[in-house]
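Trainee: Could we go through this structure together, one short question at a time?
Mentor: Yes, let us open it and begin.

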Protein chains: 2
Amino acid sequence: MPRGHKKAATREETEQTRITILRTAEQLFMEYGYRAVSTRQIADACGLTQPALYHHFADKQDLYVEVLKENIAQTQAALERIVRRNETLQERLQIVVRYLFKSTQYDHALMMHDIQHELEPQTRLMLHELFHRGLISPIASVFEQGLHDGQLKAPQQGGMDAISASYLLMSMLSRFLVQSPPVYGAQVSANGQEAAAALTGNAFFTDVGRAEAIVQILLHGLAVK
Amino acid sequence: MPRGHKKAATREETEQTRITILRTAEQLFMEYGYRAVSTRQIADACGLTQPALYHHFADKQDLYVEVLKENIAQTQAALERIVRRNETLQERLQIVVRYLFKSTQYDHALMMHDIQHELEPQTRLMLHELFHRGLISPIASVFEQGLHDGQLKAPQQGGMDAISASYLLMSMLSRFLVQSPPVYGAQVSANGQEAAAALTGNAFFTDVGRAEAIVQILLHGLAVK
DNA sequence: CCTACCGATCGGTAGG
DNA sequence: CCTACCGATCGGTAGG
């Protein structure tokens, strides 16, 4: 049954608008946090009025939950691909870390804080499980395999179970770890990343260098053997 | 010149009120974040009206900055004491981590996010330097010593400079790492910590166990040698 | 998807 | 340190 006589939005246009809102909201929520982002900010950035958002999402929390669902689903798909590759344990972990650095310029700790403190209890539980299944479990499967292979130490030998190792790896990706070098003293002159890399004598301040350093230390530690 | 004729607050009472406000605000800000805590919440928790806060602090940001200053100063004092002890590198790091776990039930990543996004640029810079001098530098001095001793790998040998290692250690303390085990499946029955510890076969889910595990892995890694 | 508008809450001020 | 109150902004709704 055709009905394009006025200028009502087609189903496709509506879907496009929904996607625009989701992507815009994702960027804002992930950078500033749930509470700090207003529905008007999101609407403005999409070129809409604020009430228009409520045509696509029931309320602010619903929009946030949809953002997280899409974000986690996408990350999960990528991680499961990486995890099944035929490469060494160390190489797969480095690819995982590089992916997480590249895909998310934000801090998972902020996301977890919002889930814990800004949402209703039942939503909180659901997202926690989603996070666990989507991000933690795929990474844990890599560690699990290393434990079975005998490449990784068991908990009793100074190692760690696979789930805990996955959470630990995630926490090592926290942005505040290194986002800090604007000025400590006053001796940093020009480009922050390169200057810092030169000062410290390694490539820790580039994304790839950071990914390699983190995995290197998680596996082999800082101590001389 | 005496003047106690009415019932004006003495200087001592005023100071006590200020301390009460600071401690109350610290708990709230550190748990929920700067923006999520209203000045009325703080005042209520202190048994005051909201405008009364403005007798002790210029505005909300000023109160937050004072909270951070006191918090960092106290942590700095404790860390500098620990760092000068006559114990092994590993023992000192474990004491540092245990102290940070015990003293701050919150997440430094949240604090850094608030500093980055909720404050004026000049305040942000000042607090960043305070954080660096108060928390990072003391910890870095431990790593620095280990590097000089030859106990720790240099950056060129798969190690890390002292400052980067300190940020990495701080990020490994992130609460979201492990605060998560409410329910994943439904098989966790009674006490979360103990049940999880039993399941995983180590003491990672107690504070002391976590501190030891983190330092163990930071120094020696997860891989079998 | 818009205009118009709601009650609630925010940080902060006036004045005593 | 209180009462009373301000303008701004919040999430969300009515009605078309």
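Mentor: Keep in mind that this is a predicted model. Start at the DNA. Helix 3 (53-56) of chain A and helix 2 (39-46) of chain B each give at least two residues to the surface near DNA strand C.

Trainee: Which residues come nearest to DNA strand C?
Mentor: There are 16 residues around DNA strand C. Both chains are represented among those that come nearest. They are T49(A), H56(A), Q50(B), Y54(B) and K60(B).

Trainee: How much of the part of DNA strand C within 4 Å of the protein is sugar and phosphate?
Mentor: Take the atoms of DNA strand C that come within 4 Å of the protein. Sugar and phosphate account for this share of them: 58%.

Trainee: How far is the side chain of H56(A) from a phosphate oxygen of DNA strand C?
Mentor: Look first at T17(A), with a polar side-chain atom 3.3 Å from a phosphate oxygen of this strand. Then look at Y54(B), where a side-chain N or O atom is 2.8 Å from a phosphate oxygen. For an N or O atom in the side chain of H56(A), the distance to a phosphate oxygen is 2.8 Å.

Trainee: How many residues of the surface near DNA strand C are charged?
Mentor: Sort that surface by class. It has 5 nonpolar and 7 polar residues. The charged ones number 4.

Trainee: Now the other strand. Which residues come nearest to DNA strand D?
Mentor: Around DNA strand D there are 17 residues. Sugar and phosphate make up 58% of the strand's atoms that come within 4 Å of the protein. The nearest residues are Q50(A), Y54(A), K60(A), T49(B) and H56(B).

Trainee: Which elements give two or more residues to the surface near DNA strand D?
Mentor: Begin with chain A. A polar side-chain atom of T39(A) lies 2.9 Å from a phosphate oxygen of DNA strand D, while a side-chain N or O atom of Y54(A) is 2.8 Å from one. A polar side-chain atom of K60(A) also lies 2.8 Å from a phosphate oxygen of that strand. The elements you want are helix 2 (39-46) of chain A and helix 3 (53-56) of chain B.

Trainee: How many residues near DNA strand D are nonpolar?
Mentor: Sort this surface by class too. It holds 7 polar and 4 charged residues. The nonpolar count is 6.

Trainee: What kind of axis relates the two copies?
Mentor: Chain A superposes on chain B by a rotation of 180°. The shift along the axis is 0.0 Å, and the RMSD is 0.0 Å. The two copies are thus related as by a two-fold rotation axis.

Trainee: Which residue of chain A has its C-alpha nearest the axis?
Mentor: The C-alpha in question lies 2.0 Å from the axis. It belongs to G221(A).

Trainee: What share of the contact residues of chain A recur in chain B?
Mentor: The same surface serves both copies. The share that recurs is 98%.

Trainee: Let us turn to the spaces. Which residues lie nearest the centre of the largest cavity?
Mentor: The model has 6 cavities of 30 Å³ or more. The largest holds about 130 Å³ of space. Of its 18 lining residues, the nearest to the centre are Y32(A), D114(A), Y32(B), R35(B) and D114(B).

Trainee: Which elements give two or more residues to that lining?
Mentor: By class, the lining of the largest cavity has 8 nonpolar, 4 polar and 6 charged residues. The elements that give two or more residues to it are helix 6 (108-117) of chain A and helix 6 (108-117) of chain B.

Trainee: How much space lies in the largest pocket?
Mentor: A pocket is open, whereas a probe cannot get out of a cavity. The lining of the largest pocket has 15 nonpolar, 17 polar and 12 charged residues. The space in this pocket is about 1100 Å³.

Trainee: Which element gives the largest share of the lining of the largest pocket?
Mentor: This pocket is lined by 44 residues, and M30(B) and Y106(B) are among the closest to its centre. The largest share of the lining is 9 residues. They come from helix 1 of chain B.

Key: Residues are numbered from 1 along each chain as its sequence is written. Chains are lettered from A and ligands numbered from 1 in the order in which they are written. This is a predicted model: local features need pLDDT of at least 70, side-chain atom pairs count only at pLDDT 80 or more; totals for chains, interfaces and linings use all residues. Side-chain values use heavy atoms; hydrogens and water are left out. A residue is near a molecule or strand if one of its heavy atoms lies within 4 Å of it. A polar contact is a pair of N or O atoms within 3.5 Å; within protein, one must be able to donate a hydrogen and the other to accept it, and residues adjacent in sequence count only if both atoms are side-chain atoms. Helices (H or I, at least four residues) and strands (E, at least two) are DSSP runs, numbered from the N terminus. Ala, Val, Leu, Ile, Met, Phe, Trp, Tyr, Cys and Pro count as nonpolar, Asp, Glu, Lys and Arg as charged, and the others, Gly among them, as polar. On a 1 Å grid over the protein atoms alone, a cavity is a set of points where a 1.4 Å probe fits but cannot get out, and a pocket is an open set with protein on both sides within 12 Å along at least five of seven lines; lining residues have an atom within 4 Å of a point. Grid points are joined across faces, edges and corners, and a volume is the space filled by probe spheres set on the points. Copies are superposed by least squares on the C-alpha atoms of residues with pLDDT of at least 70 in both. Contact means heavy atoms within 4.5 Å.
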